[in-house]
Amino acid sequence: MKQITVIGAGTMGHGIAHVSAMAGYNVMLTDQNRDILSSAIDRIKSNLDDGVERGKISQDDARSALGRITCTSDLSQAVQKAGLVIEAVIEDLGVKQELFRTAERHVSVDTVLATNTSSLPIGEIAACTTRPAQVIGMHFFNPVHIMKLIELIAHDGTSSDTLAQVEEVAIKMGKTAIKVKDTPGFATSRLGVVLGLEAMRMVEQAVASADDIDKAMELGYGHPMGPLKVSDLVGLDIRLAIAKHLHGKLKDDQYKPPRILTDMVKKGDLGRKSGKGFYEWESTKTSC
């Protein structure tokens, strides 16, 4: 496996491209929006430069990694030579299924197709392809170039060879992989969403400020970042979509989206990417 193609150059996609290039893979990063592609390269370069400044990587390694990334808005061209395709588009089952149908028409017979979904059923995505054995979930965490965890989600039809291949890729990326059953929310989203939604309800009920609720988990339980700040980084629209999906599948009220979350998303307060969520962020909006 020499080339990884990442479909979607937004928040997760540019991070996946970053770690793939740092792991030594040639990377094709594709998105229909050329402006998002341009912004993605800027973000990757900025993160690499930051790593150099902090002494985490050398200038030569950063330069080499950036040189391994090629951008294109042509999906068929992007996937043709890929050994692994990682989809990182919006959290919508229909969109992902259509994307997999399209991508598999242009890849080789050995190509593995992976989705970065945080909650959608891998089996239902795989079922729309002619190669379900080569479809798997690779759930990365934001920011991808810093977070060490990756969830590998094999549906009932995923082959052992496919799982072994993506586990090898994860190791080369410097990730610690956990293997999770294809069930709603997997492990991390199922746990993380419950904590995040309850924290939102506490804000809604004026139990404490967002900052104090986060400090409670950071200083009282050793979490590196509180659930509300995490939600802002993930994107409140994404949190809402995951909550709706889990509530619909699991029928448990702990996954029911609180009104404050619904209202904020309606207003466009999506967290870091919009400049405002439970916290105020830098006013400059970015597509990735």
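**The sheet**

Begin by selecting the strands of this predicted model and colouring them individually. They form an open sheet of 8 strands with mixed pairing, and the order to trace across it is β3-β2-β1-β4-β5-β6-β7-β8. Next, select β3 (69-72) and β8 (176-181), which stand at the edges of the sheet. Each of these two has a single partner strand, so one side of each is left without a neighbour in the sheet. If the view is turned to look across the strands, a twist can be followed: neighbouring strands are turned by 25° against each other on average, with direction ignored.

**β1, β4 and the helix on the sheet**

Select residues 3-7, strand β1, together with residues 84-87, strand β4. These two strands run parallel and are joined by 4 bridges. Within this pair, display isoleucine 4, which stands opposite leucine 84 in β4. Then add α1, which packs on the sheet and touches β1, β2 (26-30), β3 and β4. The direction of α1 makes about 170° with that of β2.

**From β6 to β8**

Move along the sheet to β6 and β7, which pair in the antiparallel sense over 3 bridges. Here histidine 139 stands opposite glutamate 151 in β7. The next pair to select is β7 and β8, which run in the parallel sense and share 6 bridges. Show leucine 152 in this pair; the residue opposite is lysine 179 in β8.

**Two backbone details**

Most residues other than glycine have a negative phi, and most peptide bonds are trans. Two places merit a closer view against that background.

- Select asparagine 142 and proline 143, which are joined by a cis peptide bond with omega of about 0°. Proline 143 lies in the loop between β6 (135-139) and β7 (149-154).
- Select alanine 206, which has a positive phi of about 60° although it is not a glycine. Alanine 206 is found in the loop between α8 (188-204) and α9 (210-221).

**The second largest pocket**

Switch to a surface display and select His18, Met22, Ile57, His145 and Lys148. Among the 17 residues that line the second largest pocket, these five lie nearest its centre. Which elements give two or more residues to this lining? They are α1 (11-22) and α2 (34-53). The helix α1 thus appears for a second time on the tour: it also packs on the sheet. Colouring the lining by class shows 7 nonpolar, 5 polar and 5 charged residues. The space in the second largest pocket comes to about 350 Å³.

**The whole protein**

Finally, zoom out to the complete chain. The protein has 12 helices and 8 strands. Its C-alpha atoms fill a box of roughly 55 × 45 × 35 Å, taken along the principal axes. How does the radius of gyration agree with that of a compact globule? With 288 residues, such a globule would have a value near 19 Å, and the protein has 19 Å, which agrees.

Terms used. Residues are numbered from 1 along each chain as its sequence is written. This is a predicted model: local features need pLDDT of at least 70, side-chain atom pairs count only at pLDDT 80 or more; totals for chains, interfaces and linings use all residues. Side-chain values use heavy atoms; hydrogens and water are left out. On a 1 Å grid over the protein atoms alone, a cavity is a set of points where a 1.4 Å probe fits but cannot get out, and a pocket is an open set with protein on both sides within 12 Å along at least five of seven lines; lining residues have an atom within 4 Å of a point. Grid points are joined across faces, edges and corners, and a volume is the space filled by probe spheres set on the points. Ala, Val, Leu, Ile, Met, Phe, Trp, Tyr, Cys and Pro count as nonpolar, Asp, Glu, Lys and Arg as charged, and the others, Gly among them, as polar. Two strands pair if DSSP finds at least two bridges between them. Axes are lines fitted to C-alpha atoms, for helices over the stretch in contact, and angles run from 0 to 180 degrees between N-to-C directions. Contact means heavy atoms within 4.5 Å. The radius of gyration is taken over C-alpha atoms; the globule rule is 2.2 Å times the number of residues to the power 0.38.
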